[in-house]
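Hi everyone, thanks for coming. Please have the sequence and the 3D view open in front of you, and let's walk through this one together.

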Amino acid sequence: MPINDNAGVRPGMVEIKVRKNGPYRVQGSVRLVDADGNPIAIPDEDTFVLCRCGNSRTKPFCDGSHKHVEFNDEI
């Protein structure tokens, strides 16, 4: 049975896409907070990426470091 990529998508819904061996791609209007509940300024765009590899110099945002450290999400 084919998967419907739009199944359950509602207007205004935020989408978080896991990129293979890369960051989380966040699309939509969200509030991002740190471990203490303090707001983190996010780009004015509707889409931004969050680090998964742990090596970004701009955490929590991705700076492309996953490419240099050969991050592999299957390990």
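Let's start at serine 56, whose side chain reaches the backbone oxygen of phenylalanine 61 at 2.6 Å. Keep in mind as we go that this is a predicted model. The side chain of serine 56 has a second partner as well: one of its polar atoms lies 3.4 Å from the backbone nitrogen of aspartate 63. To find serine 56 on your screen, look in the loop between β3 (47–50) and α1.

Is serine 56 buried or exposed? It is buried, with a relative accessible area of 7%, and the cut-off for calling a residue buried is under 20%. If we set aside neighbours within four places in sequence, serine 56 is in contact with Cys51, Phe61, Cys62, Asp63 and Ser65.

Aspartate 63 deserves another moment. Its side chain meets that of arginine 57 in a salt bridge, at 3.6 Å from N to O. Aspartate 63 is partly exposed, at a relative accessible area of 28%, whereas arginine 57 is exposed, at 72%.

Now let's step back to the whole chain. How many helices and strands does the chain have? There is one helix and there are three strands, and from the N terminus on they run β-β-β-α. Of the 75 residues in the chain, 19% are buried. The accessible surface comes to about 6000 Å², and carbon and sulfur atoms hold 50% of that. As for contacts with a separation of 6 or more, 29% of them are between residues 24 or more positions apart.

A quick word on confidence. The average pLDDT of the chain is 88, and 87% of the residues score at least 70. Comparing the elements, the lowest mean pLDDT is 94, for helix α1 (residues 65–68), and the highest is 96, for β2. As a reminder for any model of this kind, predicted coordinates should not be read in detail where pLDDT is low.

Let's look inside the helix for a moment. Histidine 66 has its place in helix α1. Histidine 66 is buried, with a relative accessible area of 12%. What does histidine 66 touch, not counting residues up to four places away in sequence? The list is Asn21, Gly22, Pro23, Cys53 and Phe71.

Back to salt bridges, then. The count for this model comes to four, and we have already met the one between aspartate 63 and arginine 57. Another brings together the side chains of arginine 25 and glutamate 15, at 3.9 Å from N to O. Arginine 25 lies in strand β2 and glutamate 15 in strand β1, so this pair ties together parts that are ten residues apart in sequence. Glutamate 15 is partly exposed, with a relative accessible area of 39%.

The next salt bridge joins the side chains of lysine 20 and glutamate 74, at 2.4 Å from N to O. Why do I point this pair out as a tie between parts of the chain? Lysine 20 lies in the loop between β1 and β2, and glutamate 74 is in the segment after α1, so the pair ties together parts that are 54 residues apart in sequence. Both of these residues are exposed, and for lysine 20 the relative accessible area is 57%.

Stay with lysine 20 a little longer. On the sequence, its loop sits between β1 (15–18) and β2 (24–27). Leaving out residues up to four places away in sequence, lysine 20 touches Arg52, Asp73 and Glu74. Take aspartate 73: it is 53 residues from lysine 20 along the chain, yet their C-alpha atoms are separated by 6.8 Å.

Last stop, the surface. Which residues make the nonpolar surface patch of about 330 Å²? They are Val14, Ile16, Val18 and Tyr24. Valine 14 is found in the segment before β1, and it is partly exposed, with a relative accessible area of 30%.

So, if you want two places to revisit on your own screen, try serine 56, with its side chain reaching the backbone oxygen of phenylalanine 61, and the salt bridge between lysine 20 and glutamate 74. Thanks for listening, and I'm happy to go back to any of these views.

How values were computed
Residues are numbered from 1 along each chain as its sequence is written. This is a predicted model: local features need pLDDT of at least 70, side-chain atom pairs count only at pLDDT 80 or more; totals for chains, interfaces and linings use all residues. Side-chain values use heavy atoms; hydrogens and water are left out. Helices (H or I, at least four residues) and strands (E, at least two) are DSSP runs, numbered from the N terminus. Buried means under 20% relative accessible area, exposed over 50%, partly exposed in between (1.4 Å probe, protein chains only). Contact means heavy atoms within 4.5 Å. Accessible areas come from the Shrake-Rupley method with a 1.4 Å probe; for residues, only the protein chains shown count as cover. Patches are made of residues with over 30% relative accessible area and no salt bridge: like charges are joined within 9 Å, nonpolar side chains (Val, Leu, Ile, Met, Phe, Trp, Tyr) within 5 Å. pLDDT is the predictor's confidence in each residue, from 0 to 100. A polar contact is a pair of N or O atoms within 3.5 Å; within protein, one must be able to donate a hydrogen and the other to accept it, and residues adjacent in sequence count only if both atoms are side-chain atoms.
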